[in-house]
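Reader: I'm happier with a pipette than with a structure viewer. Could you walk me through how to read one?

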Amino acid sequence: MNSLVATPPVPPHFYEHTRLSPTRSMSTPQSSSSRKRKADEDSNDHDVRMSASPTNSPAFSHRPLPANRPMKRSRPNVSGRPLTVPRLLETLDTDALRSVLRSMCERHPELNDEVVHTAPRPSVSSTLQVLSNYQSTLRSSFPLGGDPTSDYAYNRVRQHLTNLLDALSDFTPHFLPPNESQASTSLSYLDGATNIIHSLPRWSSPQNNIEKDSAYEEMCKAWILVIREAAKRGGGIQLQYGGWDQKLAKHNQISGGKLQNAVNELSSILGWMGGSGFQGHGGSSNADPGSIREQLLSGTYGHGMPLKVGPW
């Protein structure tokens with residue numbers, strides 16, 4: 001009986017809404033709404049990130065921009081290479097530099113003149129220091145114990161003794177006129193060089209002392225040359241007031257009279273200047289330096305004295 005109940009009719013507009021598929025009719029409005037919400041959320045997130053960015057913060061807006069930093073020089077070539085000459089020379093000590101320079105001059109003799117004109121002129125103190133180094137080497141080469149004046153000791157140190165005497169022979173002409181024009185410089189060197197000779201050992205065998213005696217003989221000639229040249233300059237006033245008469249007399253005494261000719265030369269020059277000469281082993285001149293100085297200053301020095309011509 002219930003099945004015979006009539007079903008109510010469906011309104012016509014119902015079919016208009018059901019023409020589209022349920023999936024399409026349900027998804028289209030939902031997708032559009034989702035995209036809109038997502039766009040709004042993305043926009044809000046972007047605004048939040050921009051507001052939280054340090055560039056928009058008040059503290060950052062007042063922070064100074066970093067200065068331009070210099071670019072570090074790049075070294076593309078990292079392979080090994082030899083040092084430049086200036087850097088190489090910085091690593092060499094004095095002995096190594098001398099060795100390199102000596103080797104270059106031996107291989108290229110034309111460099112000798114260039115070195116002589118470029119190198120500074122040796123001073124008296126530096127030259128005497130070199131001679132003192134030779135002297136120290138000689139002393140340290142003596143054998144321990146035994147007789148230091150024996151032939152055995154002489155043979156042990158002979159090469160070092162020769163090195164010292166050769167250096168002395170080479171350096172002395174450099175400080176003599178005409179190469180050296182200042183008498184004070186020449187006299188200062190001779191004073192120190194003579195002391196070097198005094199320090200040389202005296203051997204028990206006479207033949208071993210020939211080298212030292214020859215050094216005294218050459219030094220005596222050097223003293224005479226300098227004394228004569230000094231007498232020609234300023235009336236020999238350098239000899240008169242430098243106390244060289246006493247110094248030379250002392251050297252002569254220590255040498256055992258090996259410098260007597262130089263003492264006689266200085267004595268004759270001081271006598272010509274108006275003073276009485278000193279004798280041999282340490283006498284001093286009795287000339288009055290004050291009177292000679294006054295005569296030189298007044299221009300009356302030498303008046304009434306006999307004129308000497310030629311070597312004195």
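Author: Gladly; we'll start with the overall fold and then go through a helix, the core, the salt bridges and a surface patch. Please keep in mind that this is a predicted model.

Reader: Let's begin with the fold. How many helices and strands does the protein have?

Author: The secondary structure comes to 14 helices and zero strands. Reading along the sequence, you meet one α after another: α-α-α-α-α-α-α-α-α-α-α-α-α-α. Of the 312 residues of the protein, 25% count as buried. Take the contacts with a separation of 6 or more: residues 24 or more positions apart account for 64% of them. The protein exposes about 22,100 Å², and carbon and sulfur atoms supply 56% of that area.

Reader: Now a single helix. Which residues of helix 12 are buried?

Author: The general idea comes first. An α-helix has 3.6 residues a turn, so residues three or four places apart point the same way. Now the case here: helix 12 runs over residues 244–254, and its buried residues are Trp244, Asp245, Leu248, Ala249, His251 and Asn252. These residues sit on the same side of helix 12 because they cover an arc of only 160° around the axis. On the other side of helix 12 you find Gln246 and Lys250, which are exposed.

Reader: What do the buried residues of helix 12 pack against?

Author: Their partners are helix 9 (183–198), helix 10 (210–231), helix 11 (237–241) and helix 13 (260–272). After helix 12 comes Gly256, whose phi is positive, near 80°.

Reader: That leads me to the interior. Which residues of the largest nonpolar core touch the most other members?

Author: As background, in soluble globular proteins, nonpolar side chains tend to be buried together. In this model the largest nonpolar core has 43 residues, and those that touch the most other members are Tyr189, Leu190, Trp223, Leu239 and Leu248. Helix 7, helix 8, helix 9, helix 10, helix 12 and helix 13 each supply at least two residues of this core. Its largest share, 11 residues, comes from helix 10. You have already met Leu248 among the buried residues of helix 12.

Reader: Could we zoom in on Tyr189? Leaving aside neighbours within four places in sequence, what is it in contact with?

Author: With that exclusion, Tyr189 is in contact with Val124, Thr127, Leu128, Leu131, Leu168, Phe171, Thr172 and Phe175.

Reader: And a loop residue: is Asn209 buried or exposed?

Author: Asn209 has a relative accessible area of 7%, so Asn209 is buried. You will find Asn209 in the loop between helix 9 and helix 10. Leaving aside neighbours within four places in sequence, Asn209 is in contact with Pro201, Arg202 and Trp203.

Reader: On to charges. How many salt bridges are there?

Author: The count comes to seven salt bridges. A useful habit is to look at where the two partners lie. Take Glu90 and Arg87, whose side chains meet in a salt bridge (3.1 Å, N to O). Both lie in helix 4, three residues apart, about one turn of the helix. Glu90 counts as exposed at 57% relative accessibility, whereas Arg87 counts as partly exposed at 49%.

Reader: Where do the partners Lys221 and Glu218 lie?

Author: Lys221 and Glu218 are in helix 10, where being three residues apart separates them by about one helical turn. Their closest N and O atoms are 4.0 Å apart. Lys221 is partly exposed, with a relative accessible area of 47%, and Glu218 is partly exposed at 48%.

Reader: What about the pair Glu180 and Arg121: how many residues apart in sequence are the parts it ties together?

Author: The side chains of Glu180 and Arg121 meet in a salt bridge (3.2 Å, N to O). Glu180 lies in the loop between helix 8 (151–171) and helix 9, and Arg121 in the loop between helix 6 (111–118) and helix 7 (124–140), so the pair ties together parts that are 59 residues apart in sequence. Glu180 counts as buried at 8% relative accessibility, while Arg121 is partly exposed at 46%.

Reader: Last stop, the surface. Which residues form a nonpolar patch there?

Author: Val85, Leu89 and Leu97 form one, with about 250 Å² of accessible area together. Val85 belongs to helix 4, residues 85–90. The cut-off for exposed is over 50% relative accessible area, so Val85, at 55%, counts as exposed.

Methods. Residues numbered from 1 in each chain as written. Predicted model: local features only at pLDDT ≥ 70, side-chain atom pairs only at ≥ 80, totals over all residues. Heavy atoms only, no water. Buried < 20%, exposed > 50% of the residue type's maximum accessible area, 1.4 Å probe, protein only. Helix = DSSP H or I, 4+ residues; strand = E, 2+ residues; numbered from the N terminus. Arc of directions from axis to C-beta. Contact = heavy atoms within 4.5 Å. Patch = residues over 30% accessible without salt bridge, like charges linked within 9 Å, V, L, I, M, F, W, Y side chains within 5 Å. Areas by Shrake-Rupley, 256 points an atom, 1.4 Å probe, with all protein chains shown as cover. Core = buried A, V, L, I, M, F, W, Y, C linked by side-chain atoms within 4.5 Å.
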